[in-house]
Structures are given as C-alpha cells and as structure tokens.
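Here's a quick briefing for anyone about to open this one up in a viewer. Have the structure loaded and follow along by residue number.

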Amino acid sequence: MIQQKGIDVSAHQGRIDWKNVKESGIQFAILRAGYGNHLSQKDSQFERNYQEARKQGLPVGAYWFSYATSVEDAKKEAQVCCQVLRGHTLQYPVFFDFEYDSVRYAKEQGVTITKAMATAFAKAFLAEIQKSGYRAGNYANLDYLHNYFDQNALAPYDLWLAAWETSKPPYNMAIWQYSDKGSVPGITGSVDVNYAYVDYAKDAKNSTVTAPAPTKKTAVTTANVRLRKDAHTAAKILAVVPKGKQVTLLSDDNWGWSRVRFGTLTGWMSNEFLQGTGLSRYHTGICHGANVNVRKGPSLESVVAGQLQQGESFLVISILPNGWLHIRKNDREGYVYYDKSYLTVKG
C-alpha cells in the first residue's frame, strides 16, 4: 500500500519556507483556499502557498471551510471556491471541511445541524466542485464521520479522515490526518500532518485537472469606473476605465462585482457600472436591531452619519475584509459592522 506524507496548511501557519518543507521529506500539501461564501474570505496565503509549493514540485490539493446553513449556501460556497481555484492546477482533490465551528455558527443563526443536513451540504458542495473539473472529497473527524455524515451517501467521494488518537488508520480512506501537532522544517509552530494512500499523480482517475476557463464574455462601462485589486471598495485602485470601454468578464462574485480584464490589467469592477448579460447585482440587507449606527468610514472611530432602524433595508455595495459593510440607503452611503445578530444579508 502506498503511503505518502503530507501537510495541510492555511494562513494560520503564516509565511512558509516551502524549500525547507520539501527538503524535509514532505510529499504533498493540501491548502486552505478560503471559507464562507464570499471572495473576500479567500485565504490570505493561498496564492503564495500554491505558487511556492508548486515551485518546489509538490503536488497540491485544496480545502474550503464551510459555514453553510442551507444546501443553497453550500452550493454558493463551492462556486466561490471554484472562482478562487480557477486557473490553478491541482493534483489532489478539493475537500469540503465542515466542523465544530461550522455547527456553532449555524446554531447562532438559529439553525440546528442534523446528520441529514450536513450530508446534504457536503453532497451539494462536492457536486459543484466536480462540475468544475476537480476531484472532490470530504473531510471529517471520527465524531463527525459517525454523527454528521452518511458515509453511504458520500461513498463516491474521497474521505480525508482526522484521527489523532490512534496508531494506525481506523478506516479505509484516501488520506489520514494522523496529528495536529506535527513539526516540519520551514513552518513555525505545529502543523497538521497526513498520510495519503492514493497515488493521485498516477491514479488513472486523477489525471491533473484545471477548472475550465470561463467562456469569453464582455461588458461595457456605463461611467468612468475604478478597476480595483479586490472585490470591495477599500481595495487598491489599479486604474480608472473611461465610460464606453469594453472589458472582458472573467468571473462574477455573485455579490455585484466582476473580475475583468482591460488591456493588460486584471482587477475587479462593480457591476453597477457595467452593461452586460448575466451580471449579479448588490444584495439587500435587513436591519433587525434598533438605532444601528451607520458611519462615514469602516471603523468605530469614524463619525456616525446616520442610523438604521428595525425592519429597514439597504443595499450592500461590498463586504470589506475587516468585517464592515459598505452600504447604500436612500442614495446615501456609509458603513456598518456586519454583526449577524442584528443584520441579515439576503442572497
């Protein structure tokens, strides 16, 4: 039986020295691509980890941490994951990661996760991943394997099992995460360590795949539009594209922003200022609290510009990486902190 040693990492490991990792004997890496259902939740180290690991010749896979509370939410997470992965070649699968923090979050939203629900979330996510051309797998520990996932329903997908208190793999699985306290040169602190029992590089069912490039689509700017580095209004401005210019659409984040190419530049534009087909629009938010402050900037130190009252709705222009929403109400714009105890954003 083949047994290859690997690691799984995220931004929590900081800046990794992948040359030292490879020289230590590590044979593969599974990288967190992100979490949740918005592109702003892409793992901050994913691009670097991917490029540096591949530079060292390490085969890689990916995982996405889920906060889904419905099947539709799980599908949206998979779609965002595929947007992050587009153009990246993977040798290992893309894994669905639904754990204790996922269930805790759902409970805070008033949703009690059952075994049937968790299984349905996994199936929905993994089916979307497969549609994009990637091999798909499910991550679970022993508790969740028994109590949250129906293994018969998930049998078509590879199993990545976390079992830290045993000296040998307790089940037939593709990958065994045998410890969360591994020590690997090139990584500061502890790291999850794994054994893979599938030779993904040679498995006939796992020839290297890349998510298919999107069909070429275009749109036209309806005003002078800022081209930004990321899909939010706090992102760096790369250029201002004049009104009436054609841009190539690369992807849509389903929150009212598109990744576009203009000349030699690639960045993000608000769909509000683009004319084209199939463009998503800003989501609507609802306030459930009373006297919720709307500020002039995305900070508690910023001046209060107004307030939202219970039952009032607003448009979400963008979600900032620091957790603030850039919103519009009655043609006035401002910022509110995205606390889901008193704000809801509808998809």
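What follows is a short tour of strands, salt bridges, a charged patch and a few backbone angles.

Bear in mind that this is a predicted model. There are twelve salt bridges in the structure, and a handful of them get a closer look below. Strand β21, residues 313–319, is a good place to begin: five of its seven residues are buried, so the rest of the structure largely encloses the strand.

**Strand β21 and its partners**

- On one side of the pairing list is β18 (residues 283–287), which runs antiparallel to β21 and is joined to it by four bridges.
- If you want a residue pair to click on here, take I286, whose bridge partner in β21 is S313.
- The other pairing is with β22 (residues 324–329), again antiparallel and again with four bridges.
- For that pairing, look at S318, which stands opposite H326 in β22.
- β21 and β22 make up a hairpin, and four residues sit between the two strands.
- The turn of that hairpin includes G323, which has a positive phi of about 95°.

**Salt bridges around R328**

- Which residue's side chain meets that of E272 in a salt bridge? The partner is R328, at 2.9 Å from N to O.
- E272 is in the loop between β16 (265–270) and β17 (274–275) while R328 is in strand β22, so this pair ties together parts 56 residues apart in sequence.
- Is R328 buried or exposed? R328 has a relative accessible area of 18%, so it goes down as buried, given that the cut-off for buried is under 20%.
- E272, by contrast, counts as partly exposed at 34% relative accessibility.
- R328 also forms a salt bridge with E333, where the closest N and O atoms are 3.0 Å apart.
- E333 is partly exposed too, with a relative accessible area of 43%.

**Other salt bridges**

- R32 and D43 form a salt bridge, and their closest N and O atoms are 2.7 Å apart.
- That pair links distant parts of the chain: R32 belongs to strand β2 (residues 28–35), D43 to the loop between β2 and α2 (46–55), and they are eleven residues apart.
- Both ends of this bridge are tucked away, since R32 is buried and so is D43.
- There's also a network of salt bridges that links D101, R104 and E108.

**A positive patch on the surface**

- Which residues form the positive surface patch? They are R86, K216, R259 and R261.
- R86 sits in the loop between α3 (71–85) and β4 (89–90).
- With a relative accessible area of 32%, R86 is partly exposed. That value also fits the patch rule, because patch residues need over 30% relative accessible area.

**The loop between β5 and α4**

- Both F98 and E99 are in this loop, which runs between β5 (94–97) and α4 (100–108).
- F98 counts as buried, at 1% relative accessibility, whereas E99 counts as partly exposed at 24%.
- How far apart in space are F98 and T264, C-alpha to C-alpha? The distance is 39 Å, and the two residues are 166 residues apart in sequence.
- A distance of 39 Å also separates the C-alpha atoms of E99 and G276, which are 177 residues apart along the chain.

**Positive phi outside glycine**

- N291 isn't a glycine, yet its phi is positive, near 55°.
- You'll find N291 in the loop between β18 and β19 (292–295), and it is partly exposed with a relative accessible area of 45%.
- D331 is another non-glycine residue with a positive phi, about 65° in this case.
- D331 is in the loop between β22 and β23 (332–337).
- Is D331 buried or exposed? D331 is exposed, with a relative accessible area of 74%.

Conventions: Residues are numbered from 1 along each chain as its sequence is written. This is a predicted model: local features need pLDDT of at least 70, side-chain atom pairs count only at pLDDT 80 or more; totals for chains, interfaces and linings use all residues. Side-chain values use heavy atoms; hydrogens and water are left out. Patches are made of residues with over 30% relative accessible area and no salt bridge: like charges are joined within 9 Å, nonpolar side chains (Val, Leu, Ile, Met, Phe, Trp, Tyr) within 5 Å. Accessible areas come from the Shrake-Rupley method with a 1.4 Å probe; for residues, only the protein chains shown count as cover. A salt bridge is a side-chain nitrogen of Lys or Arg within 4 Å of a carboxyl oxygen of Asp or Glu. Lys and Arg count as positive and Asp and Glu as negative; His and the chain ends are not counted. The place of a charge is taken as NZ of Lys, CZ of Arg, CG of Asp or CD of Glu. Buried means under 20% relative accessible area, exposed over 50%, partly exposed in between (1.4 Å probe, protein chains only). Two strands pair if DSSP finds at least two bridges between them.
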